[in-house]
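Colleague: I am new to this structure and would rather understand one part well than skim the whole. Could you take me closely through a single part, and then connect that part to its surroundings?

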Amino acid sequence: MPFIPHTEADIAAMLESIGAPKLDALFDEIPPDLACGGLAGVPEGLSEMAVTRLAHGRAARDGFYSCFLGAGAYEHHIPAAVWQIVTRGEFYSAYTPYQAEASQGTLQLLYEFQTMMASLTGLDVSNASLYDGASALAEAVLMAVRASKAGARRVLMPATVHPRYRAVVEATVKSQGIELVCVPYDPASGVIDLEALEALAGTPAAALVIPQPNFFGALEPVDMLTDWAHAHGMLAIAVTNPLSLALLKAPGQWGGGNAGRSSLTPSPSPEGRGELRAPLRGGEVVGADICVGDGQPLGVPLSSGGPYFGFMTSRQSLVRQMPGRIVGRTVDLDGKPGFALTLQAREQHIRRSKATSNICTNQGLLVTAATIHMSLLGPEGLRQVALASHANTRALLDKLLSVAGVEQVFKGPFFHEAVIRVNSPVPDVLRALRAQSILGGLDLGRDYPELAGCILICATETKIEADLEQYRQQLDRILSRRREAPPCAYK
Amino acid sequence: MLIFEHAHPGRRAHAQAPHNLAEASDLPAELLRQSKPLLPETSELDVVRHYTRLSQKNFSIDTQFYPLGSCTMKYNPRACNTLAMLPQFLSRHPLADADTGQGFLASMHELQEMLRDVTGMAAVSMAPMAGAHGEFAGVAMIRAYHDARGDTARREIICPDAAHGTNPATASMCGYTVREIPTDRQGNVDLAALKAAVGPQTAGLMLTNPSTLGVFEPAIVAIQKVVHDAGGLSYYDGANLNAILGRVRPGDMGFDVIHMNLHKTFSTPHGGGGPGAGPVGVSERLKPFLPIPYVIEERGDYRWAEEGDCPRSIGRLSAFGGNMGVLLRAWVYARMLGRQGMHRVAEFAALNANYLAAELKRAGFDLAFPERRASHEFIVTLKKLKDATGISAMDFAKRLLDYGFHAPTTYFPMLVPECLLIEPTETESKETLDAFVAAMVKVRDEAQLEPELVKLAPHSLPVRRLDDVKAARELDLVWKPPL
């Protein structure tokens, strides 16, 4: 009996203690006509050896690809130590740390994690994680609406936010009567269309969502956007890639003061990008108010999409509106420092229908990985990974632009993703690349019909020159073959 | 000591950063970070030693008996972890086309179908990432169903007072008001109160069965029928699916929707607070509203369902479809158990719970529902001990830690005073249960003879009892370096 230690003698002795004649008697309070019978849909059990063989076979069938796909999930090197420690039974098989004295390992680690995330994002406080980046954004939207002094139930959601994130926010908040107003992007620069945003100035809203880098990899004029949101009585919700923050300005520093003032001049590059005429109140409020994102780039493998983890940091003044577990440092009876879950009066197990969220289980083990990962890389290591990813994407973009039939779509600075347009149908191009074991990027036409023909590409620090060159050569071959061999209908 | 306090400026784990140093001179200066983030500057050995030592300050299933009621802390087979972490599975990008992941998707489809079979539902989606997330999906589907029929006056979800806090919190998140109904003396839903509560305003009922009191609702079919007759839908909270696996199925009881906690019944790890997985199963009439994605099989090929496949879906709950690595672990577990193993889960969870209850009763402890059969868990009430000695359930729980046992769940459900909710699970041996009984007796004796010893427990853990009030009043959530 897999994982059941009982001997026949144990079973007999235990039934005797209970006073039950047989195991079936333990279910005598269940109406007998409900008995379900055989479970025909479940196969016979397998030994560990047999299931190992099966799983290895399936994994081998899927194989490996050279990955230039990003779009919210990124291939990064993960130090060997990370998952060796994460899968220690003491972390892996522990429960939520309700019994603080028996969970100081997990609790201290969460406190360290909160410290790292608060610092990385430049904000005051952090929770101990949410499910993923998309659900974290949904929670941030709900939090902003709860915090809205004007009681506004509307949030401005730019089209440059990940389409899947927008879909998750929609699915999560729609039954609470919250309206999401789409803000279009500027087709030249791939960032929020400032004129369209300015036109929404009179629309009362609880928050403006600001992605950085945005879904296209482009860098938004975050100082200007943050000041604009604050000037119109909105909170600024940052959605970021945490790795990028080793390099890019922390959301807690966006806008305000001198930085805010200087950013009110239009960005130097693209035409068509208007100037925001925010009624500046001196840029007195510095920084985004809430920052969320997906922690996957911090030591979490791609794993077909999960488990990842969502993070959330905010200003101190919003901490009681935060969803999810929060760990605090306190002292024990001897005055010795220790850690415990705190502010539990926000949570469902205390507040029930009045809780800030229904969330209970979070993504603790992934946070364990991220904390160890950030510790191993340190501030300089994380910055180098961010820089190398940026440099590789720039190098890849340059290479691909040298191929006939490829052009760049957006002008302006980007982090580690960029958009190209190819002169052949994207699904065919990507399929041909897959045949060469290359995942060439994301077909943007599916979520943005006007970007049919465009591919979102990404090259992280894991790529070397030969990988980039292989992509270039294969793309060149695929596009030139299509040029030389037109569809047979024309022959 | 915190990891930050091990740090020295300039120290690094040099093996862990790329060698080709890059610059970002092409990025505008005003977009760049101006100050170094507070991340530790330490060596690799510093980090490994620090976190290995931290791990040793945890209780876990791998090191202790963990009878935490309603949490199902059973052995997490190591093979599940090893096989879910095969490099091809780990390196697969979530947006890679289905033709690059047929092996993975075949396993997901098998799991989906096995979950459908053990719950008796018409269809399953594994998109939700935790139990509460599954609850959200379930109630959102109930709402979508009523809305699609124009039946928008149904604004109320009924929850028994014994329900997990996630049930009423979920109903609120879906824009519903919550009506609580009481529990009768035998621990069952008060059927008369339920009948009085339902009406044209009833959107649905959320019911945990076996309940959080550790007993099966004998009138489950009648309860479900009261709600259906009033035009509401019935939600089966599968938090305690462990207790009925392979015996009875919520679908056969007539329920419209169920969520399962794979980190409970299917033994995926709790990880110090997650990740979980909360698949939902639905009846025929809720099928069009299932969250995406779920796996579609067409002539032996597998792919994830997308928006176009199910236009009436409640939508997406995560960016990339769910906690796939957790689902893979559950798949390995389910394949190892197989059909017979599924039946044994409930049998031996019930055997261990009823044996432990019988032995504790014999040792003089008060069961909350002594006349009832325990399901997979049961409640001991320490009210008499508290009245006699002043020792609370919390004190008692803390002292058990000193004996190397994780405490049972305390003060939940709130209906029973000074309660310990005890769930041994099927993977524990008789010897472990006997040792736990002995520790319970020992602590009770101490409570009577040396109450201070229990009141001030624990004594042998890394810290003594912590000041929760200070933690909440003088918030210290983030470490600040000394000036």
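Modeller: Two strands are taken as paired if DSSP finds at least two bridges between them, and with that in mind, in what is a predicted model, we can begin with a sheet in chain B. Four strands make up this open sheet, in the order β10-β11-β13-β12 of chain B, and their pairing is antiparallel. At its edges are β10 (366-367) and β12 (409-410) of chain B, each of which pairs on one side only. Strand β11 of chain B, residues 378-381, runs antiparallel to strand β13 of chain B, residues 419-422, and four bridges join the two. One of these pairings can be followed by eye, since Thr381(B) has Cys419(B) in β13(B) as its bridge partner. As a general point, the strands of a sheet pair through backbone hydrogen bonds, either parallel or antiparallel. Helix α10 of chain B, residues 324-362, lies across β10, β11 and β13 of chain B, and its course makes about 20° with β11(B).

To place this sheet in its chain, it helps to look at the domains. The assignment for chain B gives domain 1 as 80-336 and domain 2 as 345-469, and the C-alpha centres of these two domains of chain B are 31 Å apart. Where they touch, 18 residues of domain 1 of chain B are in contact with 15 residues of domain 2 of chain B; on the domain 1 side of chain B, these residues are eight nonpolar, eight polar and two charged.

Another helix of chain B shows how burial can be arranged along one element. In helix α8 of chain B, residues 220-229, the buried residues are Ile220(B), Ile223(B), Gln224(B), Val226(B) and Val227(B). Viewed down the axis of α8(B), these buried residues fall within an arc of 155°, so they line one face of the helix. The general background is that an α-helix has 3.6 residues a turn, so residues three or four places apart point the same way. The buried residues of α8(B) pack against α7 (191-197), β4 (202-208) and β5 (233-238) of chain B, and just after the helix α8(B) comes Gly231(B), which takes a positive phi of about 90°.

From here we can cross to the partner chain. The contact between the chains draws 167 residues from chain A and 173 residues from chain B. On the side of chain A that touches chain B, the largest share, 20 residues, comes from helix α12 of chain A (residues 364-401), and the residues of that side of chain A divide into 86 nonpolar, 54 polar and 27 charged.

The same helix, α12(A), also appears where the domains of chain A meet. Chain A is divided into domain 1, made of 66-72 + 381-490, and domain 2, 82-371, with 30 Å between their centres, taken over C-alpha atoms. In chain A, 19 residues of domain 1 are in contact with 20 residues of domain 2; the elements that give two or more residues to the domain 1 side are α12 and β12 (417-422) of chain A, and α12(A) gives the most, with five residues.

Chain A also has a sheet to set beside the one we began with. Seven strands form this open sheet of chain A, in the order β2-β8-β7-β6-β5-β3-β4, with mixed pairing, and its edge strands are β2 (125-126) and β4 (179-183) of chain A. Within it, strands β5 (residues 207-212) and β6 (residues 235-240) of chain A pair in the parallel sense over six bridges, and Gln212(A) stands opposite Thr240(A) in β6(A). Helix α9 of chain A, residues 222-231, packs on the sheet and touches β5 and β6 of chain A, its direction making about 170° with that of β5(A). Helix α7 of chain A, residues 163-173, is mostly covered, with eight of its eleven residues buried; among them are Tyr165(A), Val168(A) and Val169(A). Those buried residues of α7(A) pack against α6 (133-147), β3 (154-158), β4 and β6 of chain A.

How values were computed:
Residues are numbered from 1 along each chain as its sequence is written. Chains are lettered from A and ligands numbered from 1 in the order in which they are written. This is a predicted model: local features need pLDDT of at least 70, side-chain atom pairs count only at pLDDT 80 or more; totals for chains, interfaces and linings use all residues. Two residues are in contact if their C-beta atoms, placed from the backbone, lie within 7 Å. Ala, Val, Leu, Ile, Met, Phe, Trp, Tyr, Cys and Pro count as nonpolar, Asp, Glu, Lys and Arg as charged, and the others, Gly among them, as polar. Axes are lines fitted to C-alpha atoms, for helices over the stretch in contact, and angles run from 0 to 180 degrees between N-to-C directions. Domain bounds come from an automatic or database domain assignment. A residue is buried if 20 or more other C-beta atoms lie within 10 Å of its own, exposed if 12 or fewer, and partly exposed in between; C-beta atoms are placed from the backbone. The arc is that of the directions from the helix axis to the C-beta atoms.
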